[in-house]
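Ready for some practice in reading a protein model? Keep the structure open beside you and try each task before you look at its solution.

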Amino acid sequence: MAPHALTVESSRNSSSNHSFNEQFVNEHLANPFGSTADPQLIKGSIYTSPLTIINQAIYSVSSKIFSYESVGIDNLLDSNIYNWNVNFDRVNSFGIKPFYNKFQVRSGAASAILGYFKKNGTNGQPLSTIIGANALTYMKPTLSGTTNVSLPLSFNVSAIDFDFSSNSLVSNYGIPLNVARSLGYSVITPLDLNNGVELQHITVLNHYLASLIGQPSLNVFDGPNFVKYYTKYNDLLSVEELGVLYQQLLGKSQQIPQNLDEAIEIAFNNLNELSGTNYSQFEYFGSENPETVLISYGTFETSQLLRLIENSGINSVGLLKVRVPVPFNQTKFISSLPSSTKKILILDQVNADGNGTGLISDITSTLFLQGLYHNLKIEEFNYPLNFEWTPITISKILVNFIDSLTEDELLIDNVNTSSSNGHNEESLTANSSPIGKYLLWGKDNGILVKTADKLAFSLSLDDTKVVSIRNKFDNSSNGGIFQSQIISTNNGSNKNGESIDSAELVILEDLSILKDYDVLATSKPESTILLLNTTSKIEEIEEFVEKKLSPEFKIALAKNHNKLIVVDLTILKDLDELNQSTKGFSEEFLVQLAFWRSTLPDLKSFVVNKLLQANGNGFELLAVVLDKFIQTIDENNGLKPIKVSPDWINLEIAPVENEDEANGDDDDDADEELEEAKQLPFFPFETSFFPNPREVPADSETSETKVIGVNDIATKLAFAEAYGVKQDLRPDLPVKNFIVKVQENKRLTPQEYSRNIFHIEFDIGDTGLTYDIGEALGIHGRNNEEEVSEFLKFYDLNGEALVEVANKDDPTILEIKSIRQTLSDTVDFLGKPPKRFYESLAEYASEDKERESLLKLASAEGAEELKKRQEVDFDTYVDILSEFKSARPPFEELIKIISPLKRREYSIASSQKIHNKAIHLLIVVVDWVDSRGRIRYGHCSKYLSDLKIGDELVVSVKPSVMKLPPLSTQPIIMSGLGTGLAPFKAFVEEKIWQLQQGMEIGEIYLYLGSRHKKEEYLYGELWEAYKEAGVLTHIGAAFSRDQPQKIYIQDKIRESIEDLTDAVCKKQGAFYLCGPTWPVPDITACLEDIVTNGAKREGKEIKDVAKVVEDMKEEGRYILEVY
């Protein structure tokens, strides 16, 4: 028995609190290539995920495993271990079943670990811990007091986190690195997504290092990609082989390290000696004599950079991969950097607050201390948490920083996409698969969710190919969007693991997806687009093209020279009537047939085998039946090629009228300007690991919403402890909230003026609310009381009846409110219904005609009418319920399908250093007249304008990028339109406070724009007083409609370009713009003129002034807060 394989009690009872949803895991985290119920079977070559490999390595060498709930789903990181341990009783390499326990993440989360060590001890054996990055912040306070205690903890840390700024699941390396750095722990990271043996080695190495030093060590790896990426891994070590390796490492631990750096060196040397590898703290790849060296950290990003450099074969660039970022070994770093290096580009991840991983400071301080700082050109690329690492985005980064490179040489595509796809007709078999990259875009409850996995499985049956699949869900767009990326390559290729940005084939399930994503932007030129038609039969191709395909879609097809094939699913009803045997599978078969016909047309009759393979061994259907099915499809023209005309490039797109007025923006030419087409994202925002829930689980009582009686609430209040009852201020809101009182509400524009712009102040008293300048105040508005009463009457409800509602962030928490309070505070029943509301409401319509109308509105066929209802008529939920009278869900069901009220953020217009007990806002009431002649208002702005002195409301604070420069002497140039002046009032007050403290301040330039000076010179008296007092250096006020010719804010900026050149170029001033988006190009052009003027003064020429301005953004000297 190994020294660390002590006999321990069974963990079955200890895992009883494991909140495990096996059905969820089976459906949405399942391996498309087949699940593995036994860690012993993970060896040699197998299709699996990186996280499964890490789980197997942990399970193999651990006798104790503590796991913590994660972002996304509680059991995201340990579902395999739970199955092996609890469901299947599998043993590890020591012949025992590890002791396993599950914990929630909360304050003092590490106490359970410390308690276990104190009570039971471990005889020096490491305790394995599986944890998400964000949980480490809860552990840090407890762990900080254990520096002198033996604590061999093997932390296996997924970098998974949820980024609220982008509303997506991300890898956040900053948290674990900064926690480890502050506690003095080591961090080791795998650097190759597709090297399964490396994943095993690094996991075992981390376990060994924790034993060697008797202190925690962190194995930090990628988050979402390690969970949802599946591919073929080769030469994997078995459970027994991992156990042998670990015992051999322990056997070599005779030398006692004197410090952490020495321990890491010993651990790497021993592993390399035993396994024949060459792992190091820093690993260089590339040319022997590079001029430029990229420095990267993080599994996925490093894998992508490595593949691009390797595939392109460029000689002037190398990559230095950071495997051990903490502690940062300066000597090892310098020795790994090629002596020919003239320039380094550090790629560092930063969060929404601008905080990075610490990598840049470690590298720059090392270079400085080693005397190399001034010999090298050092540049940085700070990328956000949700940055998409693809060949194209990487090439753009490199070309931007390295003048000698071009995108063409970086994007050499080694995937052979000839018509035979690596086969000749004679060599084709039933298992043959093409080579290529494929994208599937669909609804998250549509056919492609299952089809994607089946296609990947069928592709993988060709032993000469390696297939990978990565599925993503965006729950926030279009009722739920699904995307699948599938790559098929020859054995030995390193293309797997890429994020696809140039697909040979794209399958598009629904044209409505094009409203949210630029799908064709990620299709390769001349690639094939398969468009599924589910709405109405295609009688004439020309009519379909004219009615269904938008001009934008046609233009994109023509520009990209795409081939378009319509997969006509409307013929399936006729097909099923002809052959009952395929009923229930016809839709999938037709889509799969279209895929194989497009990617490997030479398959011919073997396509029948492909359809059978995709459904697994348990599927029983005669090949002759499928052959007949395919013949019938061809006879009914189920796959319809559409000619993409080159003339489509010249189609005109109808301009979209500017809607700034309706949205409350202050575009002073809103009735004359046209809004440029919004740039849609290319890649999906991964908001979840699973589709939008469309039904309540049968066994989930805690997620129910129900009306309850007075006796129920009385019982729960009487026995509060037993029922876990507590009273909270707005428990439905996920942020920290405060109650404030209105102390002033003053209209600034004349009563007779069409726009109501007002100044409002709140007394924050002793609430504990604090804020910094530039931050925003979140207003949690309420619905109008009269409107609430009208709805109660309309829906025949008792407003005082109580309703039990599941908290939207934690469905295990039930909130008890009156129906009136629910309508007032929680439900946006006066808002604009999304498409999914019509779909959900249709289920309750008792009249067939109304049900059909609602379903049509929720389909692609009703897209134009839905758009009119949303953007012209501005229909509310109440309007729809009034129109479709037979659709009457019970109230407890209705509030599930109506969107919740959202908070609205407004820039704070005060400095707390001047107004320590108050907070100010500057707001315009949004109003417009809809198509029915009704005066409509923006919900929150109207709510605030109606508040009276003494009224209370709920608020919260949101951080912002609007910050003053670090030095008080740096000038500031502020440009604001309309209510965009709010943060600048706070800036000036902060500057006044700095003067009061005896600080020297730099020049302050204020530029403002509005329509008329008489009506909209907002805070004009203040600005003039500050100018008179010498606080403001200059006021450039543009009132566009006070004279025959229009004068805009950019005109006023250019009038003082010489002074601004001194402020920006000579004195390193910061430039700010706040307000609507429309003037951004003009203001940016002004700033470019200022930079050009500054260079001209010094006798210099700037080739790329736009890049200089972009650099100013990165440096925090050009700050935009626009909406």
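Below are four short exercises on this predicted model, each with a worked solution.

**Exercise 1. Strand partners**

Find which strands pair with strand E26, and in which sense they run.

*Solution.*
Step 1: Locate E26, which spans residues 738-747.
Step 2: Look for one partner in strand E35 (residues 952-958); four bridges connect it to E26, and the pairing is antiparallel. Here Phe-738 faces Val-955 of E35.
Step 3: Now turn to strand E27 (residues 757-763), which is also antiparallel to E26 and is joined to it by six bridges. In this pairing, Glu-744 has Glu-761 of E27 as its bridge partner.

**Exercise 2. Classifying a ring pair**

Decide whether the rings of Phe-381 and Tyr-383 are stacked, tilted or edge-to-face.

*Solution.*
Step 1: Check the distance. The ring centres are 6.3 Å apart, and the cut-off for a pair is within 6.5 Å.
Step 2: Check the angle. The planes stand at 25°, and planes under 30 degrees apart count as stacked. The pair is therefore stacked.
Step 3: Ask how accessible the two residues are. Phe-381 has 15% relative accessibility and Tyr-383 has 2%. Because buried means under 20%, Phe-381 is buried, and so is Tyr-383.
Step 4: Put the pair in context: the model has 44 aromatic pairs. Elsewhere, ring pairs tie Phe-66, Tyr-68, Phe-99, Phe-103 and Tyr-116 together in a cluster.

**Exercise 3. Charges over rings**

Work out which ring lies beneath the charged end of Lys-985, and which beneath Lys-1107.

*Solution.*
Step 1: Start at Lys-985. Its charged end sits over the ring of Tyr-1019, 5.6 Å from the ring centre.
Step 2: Move to Lys-1107. This residue lies over the face of Phe-401, with 5.5 Å to the ring centre.

**Exercise 4. The buried side of a helix**

Explain why the buried residues of helix H30 lie on the same side.

*Solution.*
Step 1: List the buried residues of H30 (residues 863-871): Ala-863, Leu-866, Arg-869 and Gln-870.
Step 2: Consider their directions. They cover an arc of only 125° around the axis, so they lie on the same side of H30.
Step 3: Recall a helpful rule: an α-helix has 3.6 residues a turn, so residues three or four places apart point the same way.
Step 4: See what covers these buried residues. Among the covering elements are helix H28 (835-842), helix H29 (848-857) and helix H31 (877-883).

Terms used. Residues numbered from 1 in each chain as written. Predicted model: local features only at pLDDT ≥ 70, side-chain atom pairs only at ≥ 80, totals over all residues. Heavy atoms only, no water. Pairing = 2+ DSSP bridges. Helix = DSSP H or I, 4+ residues; strand = E, 2+ residues; numbered from the N terminus. Phe/Tyr/Trp six-rings, centres within 6.5 Å; stacked < 30°, edge-to-face > 60°. Buried < 20%, exposed > 50% of the residue type's maximum accessible area, 1.4 Å probe, protein only. Lys NZ or Arg CZ within 6 Å of the ring centre and 35° of its normal. Arc of directions from axis to C-beta. Contact = heavy atoms within 4.5 Å.
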